[in-house]
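Subject: Structure handover

Hello,

Here is the structure I promised to pass on. My notes follow directly below it.

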Amino acid sequence: MAVSPNIVINRENSSAVFHFNANTSGIVIAGNNSVSNVAIEEEVINGVTITQATYGSTPGAYWHIQRGANTVLVLDSTGFIDFAGIGLPINRDIAADLSVTLIPPEGSVVASKGFLVLEVQKQNARLEYLAD
């Protein structure tokens, strides 16, 4: 499977950085590079944890980030959060597909604009072995 076009940095057995400026659904996380949009070379990804978020949106709009059917983050306005730096990486449903939606302000008839950059830490059997 092709690497997601939303990935701007993809480090083997380490991390990846996604950049979004529109709704994106169904980024496949788990599996090898024939299944996963994140795995490269010989990687077999068990999941990813969200470690950082940089985001912005038009006033009243917000980003809705899901892993599978579960909401893991809602981000509004503009900001930067280093989840790993404060000891709270987002590790809910790490193997589930990643989807992001830019929700417009209530009653808005104009499309909202925004950006979202997510850094994720890859989890795989090789990394778990190397950590021991």
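Start with the hairpin. Strand 1 (residues 7–10) pairs with strand 2 (residues 15–20). The sense is antiparallel, and 3 bridges hold the pairing. Ile7 sits opposite Phe18 of strand 2. Between the two strands of the hairpin there are 4 residues. In this hairpin, Asn13 has a positive phi, near 55 degrees.

Note that this is a predicted model. Mean pLDDT for the chain is 90. Of its residues, 91% reach 70 or more. Where is confidence lowest, and where is it highest? The low end is helix 1 (residues 125–131), with a mean of 57. The high end is strand 8 (residues 78–82), at 97.

Back to strand 2 and its aromatics. Searching the whole structure turns up 1 aromatic pair. Phe18 and Phe20 make this pair, and it is stacked. The ring centres are 5.8 Å apart, and the planes differ by 10 degrees. Are these two residues buried or exposed? Phe18 has a relative accessible area of 0%, so it is buried. Phe20 is also at 0% relative accessibility, so it counts as buried. The cut-off for buried is under 20%.

Next, the open sheet. It is formed by 4 strands, in the order 3-9-6-7, with antiparallel pairing. Strand 3 (24–27) and strand 7 (70–76) are at the edges. Each has a single partner strand, so one side of each has no neighbour in the sheet. On average, neighbouring strands of this sheet are turned by 15 degrees against each other, direction ignored.

Within that sheet, look at strand 6 (residues 62–67) and strand 7. They run antiparallel and are joined by 6 bridges. Ile65 has Leu73 in strand 7 as its bridge partner. Strands of a sheet pair through backbone hydrogen bonds.

There is a side-chain link here too. His64 belongs to strand 6. Its relative accessibility is 18%, so His64 counts as buried. That is under the 20% cut-off. Which residue shares a polar contact with the side chain of His64? The partner is the side chain of Thr71, at 2.7 Å. Leaving aside neighbours within four places in sequence, His64 also has contacts with Leu73, Val74, Ser99, Val100, Thr101 and Ile103.

Last, the backbone outliers. Most residues other than glycine have a negative phi. Two loop residues are worth listing besides Asn13:

- Glu41 has a positive phi, near 50 degrees. It is in the loop between strand 4 (31–32) and strand 5 (44–57). At 52% relative accessibility, Glu41 counts as exposed.
- Ser77 has a positive phi, near 70 degrees. It is in the loop between strand 7 and strand 8. At 46% relative accessibility, Ser77 counts as partly exposed.

Why do Glu41 and Ser77 get these labels? Exposed means over 50% relative accessible area, and partly exposed lies between that and the 20% limit for buried. Glu41, at 52%, is therefore exposed. Ser77, at 46%, is therefore partly exposed.

That is the set of notes. Over to you.

Best wishes

Key. Residues numbered from 1 in each chain as written. Predicted model: local features only at pLDDT ≥ 70, side-chain atom pairs only at ≥ 80, totals over all residues. Heavy atoms only, no water. Pairing = 2+ DSSP bridges. pLDDT = per-residue confidence, 0-100. Axes fitted to C-alpha atoms, helices over the stretch in contact; angles between N-to-C directions. Buried < 20%, exposed > 50% of the residue type's maximum accessible area, 1.4 Å probe, protein only. Polar contact = N/O pair within 3.5 Å; in protein donor to acceptor, adjacent residues only side chain to side chain. Contact = heavy atoms within 4.5 Å. Phe/Tyr/Trp six-rings, centres within 6.5 Å; stacked < 30°, edge-to-face > 60°.
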